[in-house]
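Thank you all for making the time this morning. I would like to walk you through one structure, and I ask that you keep the sequence beside you as I speak.

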Amino acid sequence: MNNYFLIGSGARGAALRQFIWVMLVVLSSFTAHSFEKIEFTSSSQRPLLLELYSSQGCSSCPPAQKWVNSFTESPDLWSKFIPIVFHVDYWDYIGWKDPFSSAEFSNRQRSFKSAGLINSVYTPGFVVNSHEWKGWFTGNAIDTSKLVRTSNITLTVSADQDRVRVNYDYIDPKKAEEGRIHVAVLGFDVETQVKAGENAHRTLRDNFMVLGYQQQKMHSGQHVIQYPKLSATAKKYALVVWTSKPNGLVPTQAVGGYLPQGFKF
């Protein structure tokens, strides 16, 4: 026996038909938006990877963060430089536990020191393309004229709501080398009411803050990577993917960009 849902004629039936039609349009639009292709491809030049090591427990960090926040207005963002802000945990003991800090991020900064790429571990600490950069302390801008040609890798990143597909090709396969792939989800307009420590009673606003990060060994021309667990939600997100030498510190290519407004992980 077949069961049919009948819509009668008359005013009530017309209203119901109109309601169903509207719902079908909304659902179709939602489905199209949900599966909209999100893709970033690296250019022939490798952008500068600017890493800021920061902490909400450090009174010297908000001015550096404010400077990085302003990069959202730069026409060179993503194409010539990519900023990422790692919050370290080694200041958590002095009064305020940074909710976005991570021992992993602290250890990453210490790894630069162990490799002889920076002189000491401190905040705010800038690393540009794996080397210590102190230009911010003297009011200097980032010199994007020092862009270097890509070291032999072209990156294409496709993102959907549950995973990231990373494809990389060697321009010269004879020069293929081992390395690592890094994935970072960045948060924007993240506000924190700091209640203790050196920044007590301040409202801190962060852009380019790493909310989730992971890395893995490059093993083939394609990787399918689940998004890292996020430490918080944000009003807006960006995705950054880069490759590096086997030590995980020296970048070999990078690409990134904003995710659509309302993107859900």
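I will go from the overall make-up to the cores, then to one helix, the cysteines, the aromatic rings and finally a loop.

Please bear in mind throughout that what you see is a predicted model. The protein has three helices and 16 strands, and of its 265 residues 46% count as buried. If we take the contacts in the protein with a separation of 6 or more, 68% of them are accounted for by residues 24 or more positions apart.

Let me turn to the interior. The largest nonpolar core has 38 residues, and those with the most contacts inside it are Trp78, Ile84, Phe86, Phe126, Leu186, Phe208 and Trp242. Several elements each supply at least two residues of this core, among them the helices α2 (61–69) and α3 (103–114) and the strands β3 (48–54), β4 (81–87) and β15 (236–244). There is also a second, separate core of 26 residues, which includes Leu155, Ala159, Tyr168 and Val185.

Which residues does Trp78 touch, if we do not count residues up to four places away in sequence? The list consists of Pro47, Leu186, Phe188, Phe208, Ala238, Val240, Gly256, Gly257 and Tyr258. Tyr258 comes up again in another setting, as the charged end of Lys236 sits over the ring of Tyr258, 3.9 Å from its centre.

Now to helix α2. Its buried residues are Cys61, Pro62, Ala64, Gln65, Val68 and Asn69, and because they cover an arc of only 160° around the axis, they lie on the same side of α2. The background here is that an α-helix has 3.6 residues a turn, so residues three or four places apart point the same way. What covers these buried residues of α2 includes β3, β4, β5 and β12 (202–206).

Gln65 deserves a moment of its own. This residue is found in helix α2 and counts as buried, at 3% relative accessibility. Leaving out residues up to four places away in sequence, Gln65 touches Leu52, Val85, His87, Arg205, Asp206 and Asn207.

The cysteines may interest those of you who work at the bench. How many disulfides does a search of the whole structure find? The search finds zero disulfides, and Cys58 is in none, with the nearest cysteine sulfur, that of Cys61, 3.2 Å away. Why does that pair not count? A disulfide requires the two sulfur atoms to be within 2.5 Å, and the sulfur of Cys61, at 3.2 Å from that of Cys58, is therefore too far for a bond. As for their surroundings, Cys58 is buried, with a relative accessible area of 7%, and Cys61 also counts as buried, at 1% relative accessibility.

Next, the aromatic rings. The structure holds 25 aromatic pairs, and I have picked out one of them, that of Trp67 and Trp133, whose ring centres are 5.8 Å apart and whose planes are at 20°, so the pair is stacked. This pair links distant parts of the chain, since Trp67 is in helix α2 and Trp133 is in the loop between β6 (131–132) and β7 (148–149), 66 residues apart. Trp67 is partly exposed, with a relative accessible area of 22%, whereas Trp133 counts as buried, at 16%. Both belong to one aromatic cluster, which is formed by Trp67, Phe71, Phe81, Tyr122, Phe126, Trp133, Trp136 and Phe137. Phe126, as you may recall, was also listed among the residues with the most contacts inside the largest nonpolar core.

Finally, the loop between β9 (163–170) and β10, where Ala176 lies and where Lys174 is also found. Is Lys174 buried or exposed? Lys174 is exposed, with a relative accessible area of 80%, while Ala176 counts as partly exposed, at 41% relative accessibility. Leaving aside its neighbours within four places in sequence, Ala176 is in contact with Asn152 and Tyr170. The C-alpha atoms of Ala176 and Asn152, 24 residues apart along the chain, are separated by 7.6 Å; for Lys174 and Asn152, which are 22 residues apart in sequence, the C-alpha to C-alpha distance is 9.9 Å.

That is where I will stop, and I am glad to return to any of these residues with you.

Note on methods
Residues numbered from 1 in each chain as written. Predicted model: local features only at pLDDT ≥ 70, side-chain atom pairs only at ≥ 80, totals over all residues. Heavy atoms only, no water. Buried < 20%, exposed > 50% of the residue type's maximum accessible area, 1.4 Å probe, protein only. Core = buried A, V, L, I, M, F, W, Y, C linked by side-chain atoms within 4.5 Å. Helix = DSSP H or I, 4+ residues; strand = E, 2+ residues; numbered from the N terminus. Contact = heavy atoms within 4.5 Å. Phe/Tyr/Trp six-rings, centres within 6.5 Å; stacked < 30°, edge-to-face > 60°. Lys NZ or Arg CZ within 6 Å of the ring centre and 35° of its normal. Arc of directions from axis to C-beta.
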